[in-house]
Amino acid sequence: MIPINEMKQILSNMLTPLRYSHSLKVMEASIRLAGKYGADTEKAAIAGLVHDCAKDMKKDTIIPACEKYGIIIDDIEKEQPHLLHGKIGAHMAKELFDIQCPEILAAIADHTMGRPGMDKLSSIVFVADYIEESRDFEGVDKIRKAAEESLEKAIVTGIDGTIWHILARGQLLHPQTVDTRNWALRQLSLMKKDAEAETK
């Protein structure tokens with residue numbers, strides 16, 4: 001894996017200034033959440049920094065990139081290819097930055113729609129992408145508040161807002177987003193039961 005300063009230099013040339021600024025802020029939010037929830041802060045920094053490395057790809061290069069990397073595309077992703085930037089980004093991260101860590105690569109791949117069974121690092125980057133300091137969309141403060149309580153609560157709160165946004169725009173909703181929400185809800189329910197059992 002190349003040094004993080006070299007990653008920053010490469011990314012600053014690949015991404016728009018706004019996207020690069022966002023990436024730095026997601027890195028910062030990921031480090032803070034990793035410290036709060038006991039994850040590896042160095043891995044969180046790298047995953048947060050690199051998570052959007054494929055975001056500024058031209059639309060007509062996305063499907064060829066999936067073919068190159070052997071990424072299987074479903075019907076919704078064909079219609080909304082922007083959903084693929086996380087999966088493509090994980091392959092690019094390995095190719096451009098020599099990132100071999102499975103946790104970091106999974107966090108990059110998972111940050112767009114989430115994934116049932118995400119590990120802590122993936123959950124951190126998923127949440128950090130919502131709450132980094134420059135985000136100012138309606139409902140972001142609710143997600144930030146939830147992130148102080150648990151990653152799972154922040155995942156559910158964030159996805160709830162995403163679903164409302166997608167429905168309001170009349171767009172297709174990918175089932176993986178719903179599956180991620182349901183998984184996080186079940187995790188919250190299990191955590192609640194465990195906490196209740198400890199008080200008995």
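Visitor: What does Ala 147 touch, not counting residues up to four places away in sequence?

Guide: Ala 147 touches Leu 33, Lys 36, Tyr 37, Val 127, Ile 131 and Ala 154. Remember that this is a predicted model. To count as a contact, heavy atoms must come within 4.5 Å.

Visitor: Where does Ala 147 lie, and what makes it count as buried or exposed?

Guide: Ala 147 lies in helix H9. Its relative accessibility is 0%. Buried means under 20%. Ala 147 is therefore buried.

Visitor: How far apart are Ala 147 and Asp 75 in sequence and in space?

Guide: They are 72 residues apart in sequence. From C-alpha to C-alpha, the two are 32 Å apart.

Visitor: Which residues of helix H9 are buried?

Guide: H9 covers residues 140-147. Val 140, Ile 143, Ala 146 and Ala 147 are buried there.

Visitor: How do you know which side of H9 they are on?

Guide: Look at the arc around the axis. The buried residues cover only 120°, so they sit on the same side of H9. On the other side, Asp 141, Lys 142 and Lys 145 are exposed.

Visitor: What covers the buried residues of H9?

Guide: The cover includes helix H2 (17-37), helix H8 (120-131) and helix H10 (151-168).

Visitor: Take Ser 30 in helix H2. Why is Ser 30 called buried or exposed?

Guide: Ser 30 has a relative accessible area of 0%. The cut-off for buried is under 20%, so Ser 30 is buried.

Visitor: What does Ser 30 touch, not counting residues up to four places away in sequence?

Guide: Ser 30 touches Ala 44, Gly 48, Ile 124, Val 125 and Ala 128.

Visitor: Now Lys 153 in helix H10. Why does Lys 153 count as it does on relative accessibility?

Guide: The value for Lys 153 is 34%. Buried needs under 20% and exposed needs over 50%. Lys 153 falls in between, so it counts as partly exposed.

Visitor: What is Lys 153 in contact with, leaving aside its neighbours within four places in sequence?

Guide: Lys 153 is in contact with Ala 146 and Leu 188. As for Val 140, Lys 153 is 13 residues from it in sequence and 13 Å from it in space, C-alpha to C-alpha.

Visitor: Which residues of helix H4 are buried?

Guide: H4 runs over residues 59-69. Ile 62, Ala 65, Cys 66 and Tyr 69 are buried in it.

Visitor: What makes them belong to one side or to opposite sides of H4?

Guide: Their arc around the axis is only 100°. That puts the buried residues on the same side of H4. Helix H6 (85-97) is what they pack against. Asp 60, Glu 67 and Lys 68 are exposed on the other side of H4.

Visitor: Why is Asp 60 called buried or exposed?

Guide: Asp 60 has a relative accessible area of 61%. Exposed means over 50%, so Asp 60 is exposed. The C-alpha atoms of Asp 60 and Pro 81 are separated by 9.5 Å, with the two residues 21 apart along the chain.

Visitor: What phi does Gly 70 take, just after H4?

Guide: Gly 70 takes a positive phi of about 70°. Asp 98 also has a positive phi, about 55°, although Asp 98 is not a glycine.

Visitor: Where is Asp 98, and why is it called buried, exposed or something in between?

Guide: Asp 98 is in the loop between H6 and helix H7 (102-110). Its relative accessible area is 36%. That lies between under 20% and over 50%, so Asp 98 is partly exposed.

Visitor: How many helices and strands does the chain have?

Guide: Eleven helices and zero strands.

Visitor: What makes the chain as compact as a globular protein of its length?

Guide: Set two values side by side. The radius of gyration is 17 Å. For 200 residues the globule rule gives 16 Å. The two are close, so the chain is as compact as a globular protein of that length. Along its principal axes, the C-alpha trace spans about 55 × 40 × 30 Å.

Visitor: How many of the 200 residues count as buried?

Guide: The share is 44%. The accessible surface of the chain comes to about 10,600 Å², and carbon and sulfur atoms account for 53% of it.

Visitor: What share of the contacts with a separation of 6 or more comes from residues 24 or more positions apart?

Guide: Such residues account for 62% of those contacts.

Visitor: Where do the mean positions of the positive and negative charges fall?

Guide: They are 3 Å apart, for 26 positive and 31 negative charges.

Conventions:
Residues are numbered from 1 along each chain as its sequence is written. This is a predicted model: local features need pLDDT of at least 70, side-chain atom pairs count only at pLDDT 80 or more; totals for chains, interfaces and linings use all residues. Side-chain values use heavy atoms; hydrogens and water are left out. Helices (H or I, at least four residues) and strands (E, at least two) are DSSP runs, numbered from the N terminus. The radius of gyration is taken over C-alpha atoms; the globule rule is 2.2 Å times the number of residues to the power 0.38. Buried means under 20% relative accessible area, exposed over 50%, partly exposed in between (1.4 Å probe, protein chains only). Accessible areas come from the Shrake-Rupley method with a 1.4 Å probe; for residues, only the protein chains shown count as cover. Lys and Arg count as positive and Asp and Glu as negative; His and the chain ends are not counted. The place of a charge is taken as NZ of Lys, CZ of Arg, CG of Asp or CD of Glu. The arc is that of the directions from the helix axis to the C-beta atoms.
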